[in-house]
Amino acid sequence: MRPSTWFKAALSATGAVAIMALLTPASAQQTGTISGTVTESGSGRALAGAQVTLQGTGAAGLGGAVRVNQAGVTTDADGRYTLSNVPVGALRVRVRLVGYTSRSATMDLTSGQTAEINFSMSASVISLDEIVVTGAGVAQSKKQLGNTIVTVNAAEIVRNRSIQNFSETIAAREPGVEVRPNGGIAGESATIRIRGTASLSQGNQPVVYVDGIRIDNGRSLFNAASGGGGQSRPFDDINPEAIERIEILKGAAAATLYGSEANNGVIQIFTKRGSAGAARFNFKIDQGFSNIDKGRIKSNTGFARTAEQLTNMQNIFGAPGLSLYEPLETNILSDRYNTGYNYGFSGDVAGGTEDFQYFVAGRWTRDDGPISDDLGPGGRDTIRRIQGSAQFTLFPRDRMSFRFSTQFTDAYQQSPPNNNNIYGYISSATMGKPERANCDNSGFGPGDGTCSGAGNPTGQRAFATTRETAQRFIEGTNEHFNASVTGTYQAAQTVNVDVTFGVDITNQNNFDFRPFANDVDGFTNVADDGRRSAGSRNNREITVDARGTWTERFGNISSQLVLGGQGFISRNKTLFGTGNDFPGPGFEVVGAAASTTIGEGFSEQVNVGLLFQEQIGINDWIYITGGGRWDRNSAFGDSTSGQFYPKVSVSIIPSDLGTWTSEFFSSVRFRAAFGKSGQQPGAFDRFTTFSSLAATTGAGLQPFNLGNAGLAPEVSQEIEIGADIGL
């Protein structure tokens with residue numbers, strides 16, 4: 001069966017589930033209302049973002065007949081919450097918040113009653129009752145899972161710190177999650193690694209989801225031209241002010257249900273949502289400065305070996321008393337830095353009614369880095385972003401909700417040639433040799449390491465002077481849009497159905513430009529008549545996800561069964577061209593060059609996965625989970641039938657026993673997990689391909705890729721054993 005056929009089948013199945021859910025009649029029930037306030041013990045401070053859920057005969061766990069999503073309702077900025085249309089009966093209301101010990105209260109709700117239940121929460125180092133979604137497929141307490149799931153309270157981090165982008169939100173928050181800046185200039189891409197390198201032949205970036213849909217995680221086109229630094233990755237387009245929390249899966253044992261995309265870990269981002277109440281406005285202004293510690297920059301050192309070198313060094317560096325073979329120290333690189341400045345303006349509004357809730361946010365930021373552009377535009381490192389996001393939740397009827405989420409970013413970035421680059425702006429200054437400094441034709445400068453005209457005052461040995469490298473610059477524009485809709489329906493008291501559809505679109509344009517006559521010092525002979533490379537990258541990620549959850553209790557045994565499927569289409573188009581040798585100054589387009597080359601690329605991958613998971617709870621302190629995912633991807637070889645990834649885990653929480661009385665250990669959990677996940681091949685790796693070959697006798701072919709009809713994904717397996725102990 002062709003990949004497109006699998007995907008159409010998955011869509012048809014998803015549509016059937018959704019239609020059946022919509023046609024299921026809602027049972028008429030008597031209801032009441034529960035509201036209250038959540039505060040911090042001791043200080044009495046209102047706690048925003050706390051998750052409030054229901055359990056009991058009147059509500060089928062999370063969601064139930066209440067107008068809430070799977071993660072429950074959340075408290076507003078004043079710590080208030082409201083649960084409307086709550087079925088009558090014996091109920092337990094539970095509140096959870098990252099960093100605090102969970103609290104619960106029981107009551108008997110009668111028809112038409114409006115009950116008020118307030119909670120006071122104490123800070124806790126370990127929170128096992130925290131609700132997570134990633135890895136389990138549905139909302140569950142972290143304590144029920146045998147594998148590691150990291151939760152980052154992004155809203156709290158952004159509230160108390162000046163955060164420029166998503167990478168900074170998770171940097172240094174959790175062991176094993178590394179955020180590595182590639183070069184340190186403004187807006188430059190960071191590399192995220194979860195538990196190190198997982199593959200030697202494929203990419204090692206984690207899969208990133210926003211509100212249930214996969215987003216583009218590619219790089220700009222000119223990373224090689226910029227010496228490995230590269231421009232910002234698409235995940236940094238997400239407005240950090242709009243993020244509520246982040247969940248991170250480490251390793252195969254945790255990421256099994258994400259199949260052939262999860263070998264490098266999974267990052268799931270959940271954006272903020274509104275809550276019932278009057279409109280609440282927030283505004284924030286960020287300002288910051290950035291400096292390079294020049295004391296850490298080592299000086300360039302050299303000595304004159306000839307009389308000519310001595311004369312040059314005396315005049316260029318203002319050292320009239322310098323002698324032959326006497327060392328001279330000068331810090332060429334420190335002059336390439338000044339004080340950078342960044343600033344941003346953001347605001348949001350949230351509110352709603354019982355039937356409609358909203359959250360809308362906007363942000364404008366600019367970061368001008370500390371690299372000096374006094375020698376030319378190539379020394380400019382700057383990025384500007386305009387970001388907007390919105391989330392709307394609609395409750396058209398009891399047991400049903402729809403969530404619409406969308407984000408858009410428009411960005412412009414300019415950066416110098418950087419990092420491991422023989423034409424790098426910073427690297428050329430670093431490698432300068434004082435004894436090779438000279439000023440040609442127009443005489444010496446003021447004795448501060450510069451020339452009054454052309455010359456090589458930084459003493460470059462080869463390639464280009466520092467001033468010549470500053471004539472070249474790299475710039476890019478990026479438009480990134482994503483939107484998703486999630487429908488949740490309680491088909492029965494113990495059965496929930498969730499369907500998510502979304503699309504993520506990235507349009508990038510990148511330019512690498514050397515102007516005509518960039519050999520301003522008469523030193524370089526590479527592209528001295530100018531060169532321009534232009535490229536565009538268009539990426540589409542389409543996600544369809546459908547899941548059903550059946551939660552039941554049989555005496556002291558609880559059961560939660562999850563069945564579902566996912567479908568992805570990844571489509572990428574690239575166009576690029578290079579023009580060499582402009583006829584004169586002022587020409588800045590590829591087509592104006594004397595010689596041009598062009599190219600284009602296209603790839604498409606289709607993935608369909610079916611997943612299941614069953615979790616058995618014994619007396620609410622022992623949890624055993626088993627499940628798996630079957631994946632089929634268009635990149636797999638024709639002779640492969642798909643890939644199955646199994647998982648099993650156990651979590652034992654002695655501190656949840658009714659007989660637990662220890663005053664020294666506040667919580668104790670032992671856990672173990674085993675699982676597999678994969679990394680799919682490249683889109684065309686399985687094909688035998690050829691490339692064109694130019695010759696005097698005409699165009700020809702040459703082998704390009706050998707191909708493999710039996711190509712399968714790389715598979716990793718992991719055993720994880722651990723304990724969580726709170727004192």
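# Exercises on a predicted strand-rich chain

Strand 29 and strand 30 form a hairpin with two residues between them, and Gly 555 in the turn has a positive phi of about 65°. Strands (E, at least two residues) and helices (H or I, at least four) are DSSP runs, numbered from the N terminus. This is a predicted model: local features need pLDDT of at least 70, side-chain atom pairs count only at pLDDT 80 or more, and totals for chains, interfaces and linings use all residues. Residues are numbered from 1 along each chain as its sequence is written, and side-chain values use heavy atoms, with hydrogens and water left out.

## Exercise 1: the hairpin and its neighbour

Task: Find how many bridges pair strand 29 with strand 30, and how many join strand 28 to strand 29.

Solution.
- Step 1. Two strands pair if DSSP finds at least two bridges between them.
- Step 2. Strand 29 pairs with strand 30 (residues 557-580) over 24 bridges, in the antiparallel sense. Gly 535 stands opposite Phe 576 in strand 30.
- Step 3. Strand 28 (residues 495-514) is joined to strand 29 (residues 531-554) by 20 bridges; these two run antiparallel. Here Arg 514 faces Arg 531 of strand 29.

## Exercise 2: an open sheet

Task: Give the strand order of the five-stranded open sheet and name its edge strands.

Solution.
- Step 1. The order is 11-16-17-14-15, with mixed pairing.
- Step 2. Strand 11 (149-152) and strand 15 (213-214) are the edges; each pairs on one side only.
- Step 3. Strand 16 (residues 243-249) and strand 17 (residues 266-271) run antiparallel, joined by six bridges. Ile 246 stands opposite Ile 269 in strand 17.
- Step 4. Now look for charges over rings (NZ of Lys or CZ of Arg within 6 Å of the ring centre and within 35 degrees of the ring normal). Arg 245 lies over the face of Phe 270, 4.0 Å from the ring centre. The charged end of Arg 214 sits over the ring of Phe 568, at 4.3 Å from its centre.

## Exercise 3: the disulfide

Task: Locate the disulfide, then state its handedness and what it ties together.

Solution.
- Step 1. The structure holds one disulfide (a pair of cysteine sulfur atoms within 2.5 Å). Cys 439 is joined to Cys 451, S to S 2.0 Å.
- Step 2. The angle about the S-S bond is -85°, and the link of Cys 439 and Cys 451 is left-handed.
- Step 3. Cys 439 lies in strand 25 (residues 438-439) and Cys 451 in the loop between strand 25 and strand 26 (455-456), so the pair ties together parts twelve residues apart in sequence.
- Step 4. Both Cys 439 and Cys 451 are buried. Buried means under 20% relative accessible area, exposed over 50%, partly exposed in between (1.4 Å probe, protein chains only).

## Exercise 4: an aromatic pair

Task: Classify the ring pair of Phe 289 and Tyr 341, then place both residues.

Solution.
- Step 1. Rings of Phe, Tyr and Trp (its six-membered ring) pair if their centres lie within 6.5 Å; planes under 30 degrees apart are stacked, over 60 edge-to-face, the rest tilted.
- Step 2. The centres of the Phe 289 and Tyr 341 rings are 5.3 Å apart and their planes meet at 35°, so the pair is tilted.
- Step 3. Phe 289 is in strand 18 (residues 277-290) and Tyr 341 in strand 21 (residues 340-352), 52 residues apart.
- Step 4. Phe 289 is exposed, at 65% relative accessible area. Tyr 341, at 29%, is partly exposed.
- Step 5. Ring pairs link Phe 289, Tyr 341, Tyr 343, Phe 345 and Trp 364 into a cluster.
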